[in-house]
Amino acid sequence: MHDILIIADNLSYKINENRLFSGISFSLKKGECLHIKGSNGSGKSTLLRIILGITSPTKGEIKTYVKKNITYLGHKNALKSYLSVEDNITLMGLSNHKDLKEYLEKLSLKELLDIKVANLSYGQQKKLALLRIFLGNTNLIVLDEPFVGLDIENQNILSNFLNKQLQKERGIIFTSHINCDVDSKTLKID
Amino acid sequence: MFQVERAYKFILYSSLIIYIVSLIWGLLFTQEDFVQGNSYRIIYLHVPASFLSQSLYISMAVASFVYIVWRVKLAAYLVISIAPIGALTTFIALTSGSIWGIPTWGTWWQWDARITSTLILFIMYLGLISLHSSFSNYEKADKLLSWLAIVGAINIPIIKKSVDWWSTLHQSASITLTDKPSIDPSMLYPLIGSMIGFFGIIISLVIISSKYQIFLREKNKSWIKEYV
Amino acid sequence: MKYLRLEVLKLRKKTRSWLGPILVFWLIMLAYPLTIEVSPKNLEIGFFSVLWIAILLSMMFATEDIFTEDYNDGYLEQSLISETSFSYLVGLRVLIHWLLIGIPISLLGFVFSLGTTENLSLSLLILPFAMMSSYIFLNLFVLGNSLSLNKGSVLGAIITLPMALPVLIVLGKSITAIQLEINYSGFIFLLLGSLSIIIVTIPIVVSFIIKAHLE
């Protein structure tokens, strides 16, 4: 039982009595990755929020054994558009991280430190937001469409990173409609 | 459901009859007040309305508490069903009070303790209704509404006390459970009758309103489809 | 401490959100003498009422979008899943707003009071009353705005204003007591007592409310 990060049993969710999904069960062990697939509006993001404990399911039960040890990136990137890249990194609490320089270089964000986030492109903002994930050190990583907005090169950086985390016995849950090479099992919701 | 339907019709009609009888009794068959003349007769509307405006709020707060703690969905429906009726009752209490104030005090509005706190109660009801209607996700709206109702319930006595402290002009309550009533028995009986009648009318209004809420929110459930 | 620094980092770049309320306060206090015939006696009569209402209004502006931005850009969700307790973060944010807006306004209130009444000991007494009431108002408006999060601040203000009335009444009474040289310490303790209850309870309630919003 020690290896288990999350057990979900028969989850369902309704908004105003309209069913979004129902009967979802899965479990996630350390070193496993779960790829959630489903059409638009099928409730993928909601499922992620249920996993994070932000939303509670209408029915069913979810148990997480990683309380508060999660990094998450949703489609809202939690960046402050009126602050510079550097200030945003400080705000994320990553300014003293030992790998910061390496990743700034890898993601070619290094020259942008003084620029306001409002003036960055969508892809650049996405990369900045992903720093949370790259530099986080948590047992569970939850990502909502992480590959959207990234070019092939950066998609590869991300999927390589995720594969490496799996070897470090971390758990990953993500949604994506872009195909990627992350060793994962698939969960379809409709 | 059919029993409820019958019960509520029974309550509505019987309380309407009680209220009308007491009104006729109070308006036509009691003496004029020594000081206030005929104008006092508005108490058959004013007193029950003022009394219920607060009781309704309290019951709403209790239902909110039940919803927050035990997640009983019906309690949430009850909260939002009571709110507009509470607002209506408070409005009746305010306007009837104003009408009564013109001959008695010579003014239709006084910034005294009870009027002011009733006005605030009215604003709170409106705040609750507008808060609930500003959300399209019902469950979210229910939760926020319940929180506000509970916070308001803590605040109402505070507001009342402080406004009371600030100034007082209003005559003290005429009927209390412990003291001997300071009102002539010939006026008292129709007053009690009108309170019971008014109470019944409000109860049946709450039932109608809750029924509407349940239909609105559970419209996809099969038993509703059968019922309709 | 770390969060305090981070909050200040954000507010430093958002001058409008803390300078705005202070300016509103200043404008009301400056506009007041213009509306009545200037003679020291006349000015003094309504001065304190205007002062309290100005504090109330500027606190209303101060909290107008205290959570809106963080709600819209996803920052609140990140705070929610972080290790730090969410109600603690809410309380901290209110504290920072008080330090940045409430304190300067109280000091300005002191200056205006000194200028109007030319009574130093009275004006010095205004200071603790202004500081405590601004903190209470901030908390109350935060409550209202958290309820109406993302739905405009008018709704929040409507919800909160009735709750602020008792404080206004206490403030009015205390000024009368001070001016009549009756014992006013009871009022200070009353405000202090309600403030200490509010400081603890409101952040907890607000954190529940925000969680309901994010659901």
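## Helix α1 and the antiparallel sheet

In this predicted model, α1(A) lies across β1, β2 and β4 of chain A. Its direction runs at about 130° to β1(A). Helices here are DSSP runs of H or I with at least four residues, strands are runs of E with at least two, and both are numbered from the N terminus. To lie across a strand rests on contact, meaning C-beta atoms, placed from the backbone, within 7 Å. Axes are lines fitted to C-alpha atoms, for helices over the stretch in contact, and angles run from 0 to 180 degrees between N-to-C directions.

The strands beneath this heading form an open sheet of 3, in the order β2-β1-β4 (chain A), with antiparallel pairing. Two strands pair if DSSP finds at least two bridges between them. β2 (18-29) and β4 (59-64) of chain A are the edges; each has a single partner strand, so one side of each has no neighbour in the sheet. Neighbouring strands are turned by 15° against each other on average, direction ignored. Strand β1 (residues 4-15) of chain A pairs with β2(A) over 8 bridges, in the antiparallel sense. There, A:L11 stands opposite A:I24.

## Burial of α1

Of the 9 residues of α1(A), 8 are buried, so the helix is largely enclosed by the rest of the structure. Buried means that 20 or more other C-beta atoms lie within 10 Å of the residue's own; 12 or fewer means exposed, and in between is partly exposed, with C-beta atoms placed from the backbone. The buried residues include A:K44 and A:R49, along with A:L47, A:L48, A:I50 and A:I51. A:G53 follows α1(A), and its phi is positive, near 85°.

## The parallel sheet

Helix α1 (residues 44-52) of chain A also lies across β3 (33-37), β5, β6 and β7 of chain A, at about 155° to β6(A). An open sheet of 5 strands runs β5-β6-β7-β3-β8 (chain A), with parallel pairing. β5 (70-73) and β8 (185-188) of chain A are its edge strands, each pairing on one side only. The average turn between neighbouring strands of this sheet is 15°, direction ignored.

Strands β6 (residues 140-144) and β7 (residues 171-175) of chain A pair in the parallel sense over 5 bridges. A:V142 stands opposite A:I173 in β7(A). Helix α4 (residues 122-134) of chain A lies across β5 and β6 of chain A, at about 165° to β5(A).

## Basis

Residues are numbered from 1 along each chain as its sequence is written, while chains are lettered from A and ligands numbered from 1 in the order written. Local features need pLDDT of at least 70, side-chain atom pairs count only at pLDDT 80 or more, and totals for chains, interfaces and linings use all residues.

Note on methods. Contact = placed C-beta atoms within 7 Å.
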